[in-house]
Each structure stands twice: as structure tokens, then as C-alpha cells.
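Dear colleague,

Please find below the structure that I am handing over to you. My findings come after it, and I should be grateful for your reading of them.

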There are 2 protein chains.
Amino acid sequence: MATQKSAPVGRPRGFDADEALEKAMRVFWQNGYEGASLPDLLTAMGISRTSMYATFGNKEELFRKALARYADGPASYGAEAVVEPTAREVATVFLHGAVRSATLPGYPTGCLSLRASLIGGEDGQIIRGLLADWRDETSTMLRKRFQRAVDEGDLPAETDPALLARYVMTVGNGIAVQAAGGAPRDDLQLITDAVLQSWPPALARP
Amino acid sequence: MATQKSAPVGRPRGFDADEALEKAMRVFWQNGYEGASLPDLLTAMGISRTSMYATFGNKEELFRKALARYADGPASYGAEAVVEPTAREVATVFLHGAVRSATLPGYPTGCLSLRASLIGGEDGQIIRGLLADWRDETSTMLRKRFQRAVDEGDLPAETDPALLARYVMTVGNGIAVQAAGGAPRDDLQLITDAVLQSWPPALARP
DNA sequence: GCACTTCTGGATCGATCGGTCCGCAATTGG
DNA sequence: CCAATTGCGGACCGATCGATCCAGAAGTGC
């Protein structure tokens with residue numbers, strides 16, 4: 001069902017599917033899921049309705065693929081962060097990555113996941129679930145990494161890893177919102193520096 | 001054009017306009033502007049299409065009034081914060097207010113402004129502008145208040161008030177996003193406590 | 001050149017969107 | 001009791017949504 005490179009018989013498609021997906025990702029990033037209409041997407045992708053359905057399935061499938069591309073590209077800083085050697089560096093790479101990703105020149109500002117998730121028709125439920133899952137995944141990665149840091153003595157024993165992960169996510173989300181609102185990268189950079197200056201925060205459950 | 005109580009001739013309306021607006025506010029809060037369809041709103045408000053248009057004008061006007069009610073009610077913590085005597089207390093009241101407002105029992109989680117703004121086709125531009133203005137207003141209030149604190153020696157002279165305001169807004173926004181994602185109030189409370197523990201953050205422009 | 005496969009643009013579908021219109025019900029002042 | 005005024009429910013409007021269908025163009029293998 002995926003890419004068959006065995007017997008390319010018939011007329012070859014007249015566009016680059018990867019390139020089209022990139023354009024679609026940007027439109028979703030800019031307008032969210034429901035805010036991105038088919039005509040919007042098709043114009044940006046430079047292809048026709050039929051070609052889109054034949055290549056990507058439908059709008060929801062197109063979004064899934066665009067999200068995968070996003071998670072693997074501009075939003076890959078989560079996975080990159082957790083391999084850092086210390087918890088402080090994990091937080092640093094994560095937050096700096098969030099700032100960079102949310103203010104990439106030539107891309108929409110903010111975070112695709114947030115822009116697309118805070119919506120709410122009934123058909124948006126699937127999408128919301130999809131994005132909630134993705135964010136949970138990131139949150140879990142951070143929590144496990146901080147748990148390890150506690151075990152290794154890199155973080156105070158009383159630190160709650162889940163709470164610390166939520167703390168980092170909270171700041172990251174705030175950055176994304178600010179960036180979407182037009183905050184300049186330098187400002188956000190200074191803010192993350194200030195946050196990281198008081199690392200680790202005292203986060204233990206009572 | 002407002003409430004005329006002089007000559008109530010004709011059939012009186014069979015519903016409480018204030019109560020209906022409250023219900024509409026909750027629907028917008030839950031689903032955003034475009035995510036809240038007329039049928040959704042009307043069902044929640046318990047009135048007919050005609051009554052809504054006669055009483056509130058149209059969907060956009062209804063949203064404006066719902067937003068005003070929101071800013072004056074559940075989201076009034078911004079105005080309440082800036083009258084506190086010290087910058088630290090301003091930040092404390094603001095962030096605790098953000099947590100409380102975003103996790104009010106019986107209300108949708110998160111922030112109406114964020115849910116409604118981060119979406120949008122072309123018709124959502126007016127709404128986005130409306131909400132951006134409101135957030136700018138809050139930001140400006142905080143900035144001026146922090147400027148005063150710097151002038152009074154309540155904050156270090158090198159502190160940049162605009163940057164500090166953005167810092168507080170960033171955390172507040174992050175809290176709203178987390179709450180919308182289902183984060184428990186207690187967790188968010190602990191996170192704000194940790195943030196406030198390192199007050200004031202070192203925020204000066206280089 | 002022919003048979004076959006695949007891609008593509010345009011017309012079209014039913015559903016839903018926000019908004020309007022009309023006829024009737026209900027209430028008040030005389 | 002009657003005339004005037006206003007509220008209300010339901011039918012209806014054009015526009016737009018995502019999705020489908022079809023005829024024809026553009027390729028490939030024999």
C-alpha cells in the first residue's frame with residue numbers, strides 16, 4: 001500500500017508527493033485542521049482534488065501524514081532532548097528547540113499541534129485525540145527521562161518526574177502560544193534562559 | 001439601543017437573556033468560535049434562531065458579548081492582579097488566577113481566548129483580532145505595572161518590564177493549554193508555586 | 001501501433017454553515 | 001374587545017464544506 005517501486009506502469013503522477021505534503025503541512029500549521037479547507041490545501045499543494053484523494057486518501061489521512069512529517073522534522077526536538085546526558089541539558093535542548101521550532105523563518109509561527117487541537121466540531125474529536133496522543137507521548141518521554149535522572153542522582157530524590165515533565169511542557173506550550181501571537185524569537189530565548197536559570201525547580205508532591 | 005425599560009409594550013421575551021449569554025459563553029469556551037455552530041449554541045441557550053438574532057444581533061456579536069462576560073467574570077484575574085501592592089504579588093495573583101480560571105469546576109477547562117483564537121478561516125480574522133487585542137490589553141496592563149515596580153525599586157533596575165510581562169503571560173498561556181489538555185488543578189498549582197519561587201526572574205535585554 | 005493502466009480537471013453530490021423571512025402566538029394600552 | 005407591538009418556531013436562502021464520479025489525457029509494456 002505504501003511506495004511501490006516495482007512496476008510503475010501507467011501514467012506517472014505529475015507532481016512530487018513529498019513536496020505537496022510539505023505544503024499541506026504548512027497550511028495545517030497555519031490554519032489548523034478545520035481552518036484549512038480543501039481549496040486552501042489544494043492551491044498550496046498545486047494539485048487537483050482528485051490527485052489529493054488518490055495520493056493521500058482523504059483530508060484526515062493527509063493531516064496524519066502532515067503531522068508525522070511535522071513530528072519528524074520541525075518538531076523533532078523532543079526526541080533530541082531526551083538523549084542529552086543531564087536533566088538540565090534535556091530541559092535546555094527541549095525549550096530552546098521549542099523556541100526555534102515555533103519561530104522558524106519561512107514557517108508559520110507557533111506549534112502545529114496546538115493550532116490544530118484547540119478546536120471543536122464533532123469530526124475534530126479524532127484529530128484532537130491524535131494530537132493529545134502525540135503530546136502524551138512527548139510528556140511520557142520527558143517523564144521517563146527525568147525518572148532516570150532522579151534514579152541516577154542527577155535530580156533531587158524528592159523531585160516528581162511527572163510533575164517536572166509537566167512543568168517543562170507548560171513552558172513549552174506557553175512559548176508556542178506566544179510565538180503564534182507574534183512574540184519575537186529573541187524575547188522567547190531570553191525567557192527560556194530565565195526559566196533554565198532556576199534549574200531544577202522544586203517540584204515534589206506534598 | 002441597550003436595555004430600554006421605559007415602555008415594555010408587546011409580548012415579553014420568554015427567556016433570560018443573561019442566562020442565555022452565560023450558556024453561549026460556555027459553548028464558545030468549550031468549542032471555540034468556529035467550532036460552535038448555531039445549532040449548538042441555540043440548543044445550549046434554549047432559544048430559537050430568531051430569538052438569538054433579535055436579542056444579540058448575529059453570531060459575531062454574540063461572541064463579543066460572551067467574551068466581555070468572560071473577561072468580566074472567570075477571566076477577571078488580570079485586572080485584579082495589577083492592583084496588588086508588589087510585583088511579586090501581582091505575579092502570584094495573576095498565575096494563581098490563571099490556574100483557577102482554567103480549572104473551574106463546572107466550566108470548560110483552559111482559556112476561552114486561546115481556544116477561540118488559534119484557529120481560523122478568513123472569517124475568523126476579525127475574531128482573532130478581537131482576542132489578540134484583549135490579550136495585548138492584559139499584556140500592557142502587566143507591563144505598565146511592572147514598569148511602576150521598577151520605578152519604585154520593587155524590581156531590579158535592569159529588569160525589562162515588557163519582557164517580564166511576556167514571561168508571566170507565557171507561563172499563564174502554558175497553564176491554559178495544560179488545563180485544556182486535562183492537567184489537574186493541583187499539579188498546575190504546584191508548577192506556579194515553583195515558578196514564583198524564583199521571583200523575580202533575571203529578565204533584562206542585552 | 002495497440003491494449004492497458006494510471007493520472008487529472010471539472011462537474012456534481014448531500015450535508016451543513018450562518019443568516020433571513022414569514023405567519024402565528026402572546027401580551028399591553030386604550 | 002380591539003388594535004398595535006413584539007416574541008417565537010419553522011421553512012427557506014445562497015455559500016461552502018468534504019467527498020465522489022466520469023470522461024479524457026498521458027504514460028508503459030508488448
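The notes below cover conventions, symmetry, the protein interface and the two DNA strands.

This is a predicted model, in which local features need pLDDT of at least 70 and side-chain atom pairs count only at pLDDT 80 or more, while totals for chains, interfaces and linings use all residues. Residues are numbered from 1 along each chain as its sequence is written, chains are lettered from A and ligands numbered from 1 in the order in which they are written, and side-chain values use heavy atoms, with hydrogens and water left out.

Symmetry

A turn of 180° with a shift of 0.0 Å along the axis lays chain B on chain A with an RMSD of 0.1 Å (least-squares superposition on the C-alpha atoms of residues with pLDDT of at least 70 in both copies). This is the relation of a two-fold axis. Within chain B, the residue that comes closest to the rotation axis is B:G174, its C-alpha lying at 1.9 Å.

The interface of chains A and B

In this interface, 35 residues of chain B are in contact with 35 residues of chain A, contact meaning heavy atoms within 4.5 Å. The copies meet through the same surface, because 100% of the interface residues of chain B are also interface residues in chain A. The two chains bury about 3,000 Å² between them, 64% of it on carbon and sulfur atoms; buried area is the accessible area (1.4 Å probe) lost when the two parts are put together, summed over both.

The rule finds 4 salt bridges across the interface (a side-chain nitrogen of Lys or Arg within 4 Å of a carboxyl oxygen of Asp or Glu). One of them joins B:R205 to A:D187, with the closest N and O atoms 2.7 Å apart. There are also 7 residue pairs in polar contact, both residues at pLDDT 80 or more. A polar contact is a pair of N or O atoms within 3.5 Å; within protein, one must be able to donate a hydrogen and the other to accept it, and residues adjacent in sequence count only if both atoms are side-chain atoms.

On the side of chain B that touches chain A, α7 (112-117), α9 (161-180) and α10 (185-197) of chain B each give two or more residues. Helices here are DSSP runs (H or I, at least four residues), numbered from the N terminus. The largest share, 12 residues, comes from α9(B).

DNA strand D

Around DNA strand D there are 23 residues, the closest being A:L38, A:R49, A:K59, B:R11 and B:G14; a residue is near a strand if one of its heavy atoms lies within 4 Å of it. Of the strand's atoms within 4 Å of the protein, sugar and phosphate account for 59%. A polar backbone atom of A:L38 is 2.8 Å from a phosphate oxygen, and a polar side-chain atom of A:R49 lies 2.6 Å from a base nitrogen. The most residues on this surface, 3, come from α3(A).

DNA strand C

DNA strand C is likewise surrounded by 23 residues, of which A:R11, A:G14, B:L38, B:R49 and B:K59 come nearest. Base oxygens of this strand are approached by side-chain N or O atoms of A:T50, at 2.8 Å, and of B:R49, at 2.6 Å. For B:Y53, a side-chain N or O atom is 2.8 Å from a phosphate oxygen. Here α3(B) gives the most to the surface, with 3 residues.

Yours sincerely
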